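This report goes through a protein chain one helix at a time, then turns to a loop and to the surface. Please look at the sequence and the structure before reading on.

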Amino acid sequence: MRASPRAPGLLLGIGLGGFVDGIVLHQLLQWHHLLTGTDDYPMTTVAGLEANTLADGFFHVATWICTAVGSWLLYRAWKEGRIAPPWTAHLGLLLYGWGAFNLVEGLVDHQLLGVHHVRDDIGAPLGWDLAFLASGTLLVALGWGLRRR
């Protein structure tokens, strides 16, 4: 019997982590949108909000694709009898994927490109950005621990 696949859990973690980011931080709390860190697309103008809403939509499409592909791969592996216990290993992969999403998004979008920060609605967002990176590191560590267990 082949080993249980890793891709479904990782893709589900990336997709669901993106959904939590987009739904909670972008839509519910409205702390930032995808492009609010740039001077060209402020969230204080109608044109800026329109551009950010469109960018957020493309972001959600990408997270939806990750979730859909991860679900399809998980279903296919289940039908082929390749999903082996324990469930903690699968949860670990999901948490690892979510943490990896947070780390990549936090490093690339927040720090390298500066297209937005966790809190674009305040003057000093670095602490929030660092907390976001710490949450990604914690999720990766938890996921790795559950997977290795």
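## Helix H4

The 23 residues of H4 should span 33 Å at 1.5 Å a residue, and its end C-alpha atoms are 33 Å apart, so the two values agree. The model is a predicted one, and the distances and areas in this report are computed from it.

H4 covers residues 126-148. Its buried residues are Asp129, Phe132, Leu133, Gly136, Leu139, Val140, Gly143 and Leu146. These buried residues pack against H1 and H3.

## Helix H2

H2 runs over residues 46-79. With 34 residues at 1.5 Å each, the helix should span 50 Å; the C-alpha atoms at its ends are 48 Å apart, which agrees.

The buried residues of H2 include the glycines Gly48 and Gly70. Asn52, Asp56, His60, Thr63 and Thr67 are also among them, as are Ala55, Phe59, Leu73 and Ala77. The buried residues of H2 pack against H1 and H3. Just after H2, Gly81 takes a positive phi of about 75°.

## Helix H1 and Pro8

H1 consists of residues 7-28, and Pro8 is found in this helix. Pro8 has a relative accessibility of 3% and therefore counts as buried, the cut-off being under 20%.

Which residues does Pro8 contact, leaving aside its neighbours within four places in sequence? They are Gly70, Leu73 and Leu74. Of these contacts, Gly70 and Leu73 are listed among the buried residues of H2. Pro8 and Leu107 are 99 residues apart along the chain, and their C-alpha atoms are separated by 24 Å.

## The loop between H3 and H4

Helix H3 covers residues 87-112, and Arg119 lies in the loop between H3 and H4. Is Arg119 buried or exposed? Its relative accessible area is 14%, so Arg119 is buried.

The side chain of Arg119 makes a polar contact with the side chain of Asp121, at 2.7 Å. Not counting residues up to four places away in sequence, Arg119 touches Trp31, Pro125 and Trp128.

## A nonpolar surface patch

Val20, Ile23, Val24, Leu28 and Leu29 form a nonpolar patch on the surface. Together these residues have about 400 Å² of accessible area.

One of the patch residues, Val24, is found in helix H1. The relative accessibility of Val24 is 33%, so this residue counts as partly exposed. Pro8, also in H1, counts as buried at 3%.

Conventions: Residues are numbered from 1 along each chain as its sequence is written. This is a predicted model: local features need pLDDT of at least 70, side-chain atom pairs count only at pLDDT 80 or more; totals for chains, interfaces and linings use all residues. Side-chain values use heavy atoms; hydrogens and water are left out. Patches are made of residues with over 30% relative accessible area and no salt bridge: like charges are joined within 9 Å, nonpolar side chains (Val, Leu, Ile, Met, Phe, Trp, Tyr) within 5 Å. Accessible areas come from the Shrake-Rupley method with a 1.4 Å probe; for residues, only the protein chains shown count as cover. A salt bridge is a side-chain nitrogen of Lys or Arg within 4 Å of a carboxyl oxygen of Asp or Glu. Helices (H or I, at least four residues) and strands (E, at least two) are DSSP runs, numbered from the N terminus. Buried means under 20% relative accessible area, exposed over 50%, partly exposed in between (1.4 Å probe, protein chains only). Contact means heavy atoms within 4.5 Å. A polar contact is a pair of N or O atoms within 3.5 Å; within protein, one must be able to donate a hydrogen and the other to accept it, and residues adjacent in sequence count only if both atoms are side-chain atoms. The expected span of a helix is 1.5 Å times one less than its number of residues.
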